[in-house]
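Visitor: I should like to take a close look at a single part of this structure. Please begin with one cysteine and then lead me outward from there.

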Amino acid sequence: MKRHLIALGIAVLALAVGVGTATAANDPPPGADQLLGQLAGATQGAPVAGTAGQTASNASLPVGISGLTGVAVGSGSASATQTATNSADADATNKSSTDQTANATQTGGSSSCTSGCGGAGQAQAIDQSALTNQNADAEAAAQQNAINANVPVSIAGGNVSGGSSSADQTATNKADADASNKSTTDQSATATQTGGSSSCKSGCGGAGQSQTVDQSALTKQDADAEAKAKQNAVNANVPVSIAGGNVSGGTSSANQTAKNTADASANNKSSTDQDATAKQTGGSSSCKSGCGGAGQSQTVDQSALTKQDADADAKAKQNAVNANVPVSIAGGDVNGGTSSANQKATNKADADASNKSDTDQTANATQTGGSSSCKSGCGGNGQEQNVIQDSKTKQSADADATAKQNAVNANVPVSLAGGDVNGGTSSATQDASNKADADASNKSKTDQDATAKQTAGSSSCYSGCGGNGQEQNVIQKSDTKQDADADAKAKQNAVNANTPVSILGTGLSGSGSSSADQTATNKADADASNKSSTDQDANATQTAGKNQCWSGCGGNGQEQNVVQIGKTKQDADADAKAKQDAVNANAPSLVVGGDPSRGSGSAMQDVSNKADADASNKSNTDQDATAKQVAGDNNCWSGCGGNSQEQNVIQFGKTKQDADADAKAKQNAVNANAPESILGTDLTRSGSSSADQKAHNSADADASNKSRTDQDANATQTAGKSECWSGCGGNGQEQNVVQIGKTKQDADADAKAKQDAVNANTPLLVVGGDPSLGSSSASQDVSNKADADASNRSSTDQDATAKQTGGGSKCWSGCGGNGQEQNVIQIGKTKQDADADAKAKQNAVNANTPASVIGDHLSGSGASSATQKARNKADADASNKNDTDQDATVDQKLADSSCGGGCGGKGQEQNLVQKSKTKQDGRGKSKAKQKLVNADVPFTLSLGKEKRGKARAE
């Protein structure tokens with residue numbers, strides 16, 4: 001476009017200053033220059049920030065005080081209920097649509113000249129350029145501090161009669177950042193150029209035609225999303241009762257539901273559609289002698305460049321504390337209801353970075369030469385046709401997710417009584433979930449479709465005319481580069497404790513069960529994936545016109561080139577780290593001066609820790625080329641040159657893939673049931689005591705590459721028939737089909753799993769009299785697994801069909817023989833490297849160690865057991881799979897020739913080369929280390945006789 005404008009400016013300046021004049025016998029043929037330019041530019045920026053801060057405090061503080069002895073303080077139910085919601089939402093969006101349509105028609109008029117006139121000239125150019133630049137930036141930050149407390153206080157000289165007491169808290173905190181770009185570019189160009197007819201007697205210049213269609217689209221997209229969510233949630237129920245007489249309390253509970261979420265999404269989507277149709281037709285030419293041949297040049301150039309960058313960062317941090325701490329101090333008896341602390345804490349960080357690109361290039365070019373008639377000494381017509389399609393795609397997706405959770409749940413009822421304590425059940429239940437999810441994905445699709453048709457006009461000459469020349473080039477190039485990086489980190493600290501404390505002056509009339517139940521889940525999930533599809537389809541047809549000459553004419557020349565290049569580079573990196581510290585404890589403490597009756601005590605823990613890293617690349621390259629070259633017939637009396645043909649089809653596919661997955665999982669799980677009892681007299685009844693632990697730790701790393709390259713070439717070359725009386729040159733044909741497929745794959749997977757699991761049941765009993773003990777047990781079920789999978793899969797399919805046919809030859813004497821050369825080359829090269837490392841380390845300790853110190857004797861003791869089930873596994877799988885298929889069909893034929901005498905012989909050369917090279921390296925390494933300790937060691941120190949139950953360790 002620029003060079004056309006410069007040429008036009010020079011022409012205008014030359015006319016302005018009058019550089020000179022030209023004379024001719026007739027008016028010169030017309031000249032036409034047609035320019036059509038379209039330029040579209042769009043720049044979009046959308047920065048958005050959302051910030052939300054919340055501090056919510058809710059407190060219930062009823063106070064009752066009575067100083068009179070024998071006067072009771074009566075209290076109804078006391079509660080504090082809080083619902084707090086905090087949200088920060090940032091949404092940055094850009095949307096662009098560009099549509100360019102150009103239709104240009106140029107038609108030349110007829111020209112008539114006696115002699116010495118210049119040929120008609122036509123220039124037609126269409127230039128479409130679209131530039132799109134989009135930047136979306138979204139940041140969301142949400143911080144929440146939520147405090148909910150119920151603290152009823154009762155002080156009485158007489159009795160305290162209290163109702164139920166509770167603190168309920170629901171806290172929700174969310175940060176949501178969404179950055180997205182969407183672009184659509186549509187370019188459509190239709191160019192039609194038709195030359196007029198020319199008539200000249202002698203010495204006239206040939207007509208000239210130039211047709212150019214240029215389409216250029218540049219798209220740049222940048223999406224950045226950052227979300228941060230921080231939550232501090234405290235929920236407490238602390239009823240306090242102080243009485244000189246008795247304390248009668250209702251149920252006491254603290255319930256907390258805390259949810260913290262950080263969600264960051266960065267997305268880019270681009271669609272580019274380029275459609276060009278060019279038609280060029282030359283006019284007929286009639287000349288007696290000495291005229292120049294007509295010239296035609298046709299170029300269709302399509303260029304698309306897409307660059308996408310998506311970055312998503314999500315960070316979620318949660319501190320959740322839930323406590324139920326009822327305190328009762330009485331000079332008489334304490335009659336308490338059930339006491340519980342229930343906590344459900346959820347923390348999640350989700351980062352999603354994705355790019356999607358679709359490029360579609362379609363070109364249809366038709367070039368037709370006009371017929372030529374000359375008596376002698378005229379130049380041959382020339383044709384050049386070029387179709388160029390160039391597509392470049394670069395994508396980068398980066399996702400980082402970090403989730404950190406600290407969850408503390410405690411039930412600590414405290415009772416101090418001068419008389420008896422009649423307590424209800426006491427429990428602490430915790431459900432904690434922590435998750436970091438990072439997803440980075442790129443998806444690219446490139447479709448190039450080119451159809452080129454070039455047809456030369458017929459030529460008629462008496463003698464001494466030049467032969468027609470044809471050149472046809474179809475070039476398709478696609479370059480795709482993808483980078484996906486996903487990092488997920490999850491860290492969880494979960495503490496659940498049930499520690500009721502009772503100090504009694506006389507006896508414990510009745511005690512409910514005491515338990516601590518914990519369910520903790522921690523997961524880090526990183527997914528990095530690239531997917532690319534490249535489809536190149538080229539159809540090229542070149543047909544020479546018929547040539548008729550009496551003597552001394554040059555032969556026609558044809559050159560046809562079809563080149564397809566597809567390059568793909570993919571890099572996927574996924575890192576997942578999960579660390580979990582989970583502590584669950586049931587540790588009731590009892591100090592009694594008399595004879596208590598106790599319920600069962602248990603600690604149950606179910607914890608899961610998982611790190612999952614998945615890095616995958618998938619590439620599909622499809623190249624399809626069809627080339628057809630046909631030479632026209634040649635009829636000459638004597639001394640004419642032979643026709644020449646050259647046909648080249650080249651297909652080159654190169655794929656490089658790198659997948660790296662790292663998964664690390666570390667788990668520390670401690671579960672303990674440690675009731676402590678110090679008794680002044682006997683233990684009438686004791687419930688069972690147990691510690692049950694179920695712990696799962698897993699690290700899973702999967703790195704995979706998959707590549708498919710399909711090359712299909714069909715080349716047909718046909719020579720025309722030749723008739724000559726004497727002294728004519730023979731026809732020459734050269735046909736080359738080259739297919740090259742190169743694939744390199746590297747997959748690396750590392751998985752590390754480390755687990756430390758401790759489960760203990762250690763009840764301690766100190767009795768001055770005669771106790772009756774319940775059963776005591778410790779059960780442990782733990783599993784540790786490291787799984788690393790590295791795999792490469794490659795498929796290369798090369799299919800070439802080459803057909804070369806020589807035309808028939810008739811000569812009376814002294815003619816050269818026809819020559820043919822045909823080459824088909826197929827090269828397939830594949831290199832694969834798979835490396836998998838898995839390490840699993842497990843330390844599992846399970847112990848049942850009840851200890852009893854008895855002043856009198858042991859009337860009866862329940863069974864004592866320690867049961868352990870431990871699984872440790874390291875699995876490393878490295879695999880390579882390659883399939884190379886080369887199929888070549890070669891057909892070379894020379895038609896019959898007849899000669900009277902002194903003619904040269906025919907020459908044929910045919911070469912078929914197939915080369916395949918595959919290199920594979922697979923390494924799998926796994927290490928599993930396990931240390932197990934399982935013990936059942938009941939210890940009893942008694943001054944009298946003992947009657948004990950069974951003890952076992954499994």
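Does C461 count as buried or exposed, and at what relative accessibility?

Guide: The model shown here is a predicted one, and everything that follows should be read with that in mind. C461 counts as buried, because its relative accessibility is 7%, and the cut-off for the buried class is under 20%. Its partner in a disulfide is C465, with a distance of 1.7 Å from S to S. C465 has a relative accessibility of 6%, so this cysteine counts as buried as well. The disulfide of C461 and C465 is right-handed, because the torsion about its S-S bond is about 70 degrees.

This link belongs to a wider set, for the structure holds 10 disulfides. Among them is the one formed by C200 and C204, whose sulfur atoms lie 1.8 Å apart. C200 and C204 are both buried, and their link is right-handed, with 65 degrees about the S-S bond. Another of the disulfides is made by C374 and C378, where the sulfur atoms are 1.8 Å apart. Here the angle about the S-S bond is 70 degrees and the link is right-handed. Neither cysteine is left exposed, as C374 and C378 are both buried.

From the cysteines we may turn to the charged residues. Side chains of opposite charge can pair when their charged atoms come close. In the whole structure, a search finds 5 salt bridges. One of them brings together the side chains of K228 and E226, at 3.6 Å from N to O. K228 counts as partly exposed because its relative accessibility is 39%, and E226, with a relative accessible area of 26%, is partly exposed too.

A further salt bridge joins the side chains of D710 and R708, with 3.6 Å between N and O. In this pair the two partners fall into separate classes: D710 counts as buried at 17% relative accessibility, whereas R708 is partly exposed, its relative accessible area being 39%.

The side chains of D835 and R923 also meet in a salt bridge, and their N to O distance is 2.8 Å. D835 is situated in strand β45 (residues 819-848) and R923 in strand β49 (residues 907-936), so this pair ties together parts that are 88 residues apart in sequence. D835 is buried, with 18% relative accessible area, while R923 counts as partly exposed at 37% relative accessibility. The pair also has company: D835, D837 and R923 are joined into one network by salt bridges that share partners.

Finally, there are charged residues in a patch on the surface. D483, D571, D658 and D746 gather there in a patch of negative charge. A residue of such a patch must have over 30% relative accessible area and no salt bridge. D483 illustrates the first condition, because its relative accessible area is 33%, which places this residue in the partly exposed class. As for its position in the fold, D483 is found in strand β26, which covers residues 469-498.

To return to your starting point, C461 is a buried cysteine, and it is joined by a disulfide to C465. D483, by contrast, is partly exposed and is a member of the negative patch on the surface.

How values were computed:
Residues numbered from 1 in each chain as written. Predicted model: local features only at pLDDT ≥ 70, side-chain atom pairs only at ≥ 80, totals over all residues. Heavy atoms only, no water. Patch = residues over 30% accessible without salt bridge, like charges linked within 9 Å, V, L, I, M, F, W, Y side chains within 5 Å. Areas by Shrake-Rupley, 256 points an atom, 1.4 Å probe, with all protein chains shown as cover. Salt bridge = Lys/Arg side-chain N within 4 Å of Asp/Glu carboxyl O. Lys, Arg positive; Asp, Glu negative; His and termini not counted. Charge placed at Lys NZ, Arg CZ, Asp CG, Glu CD. Helix = DSSP H or I, 4+ residues; strand = E, 2+ residues; numbered from the N terminus. Buried < 20%, exposed > 50% of the residue type's maximum accessible area, 1.4 Å probe, protein only. Disulfide = S-S within 2.5 Å.
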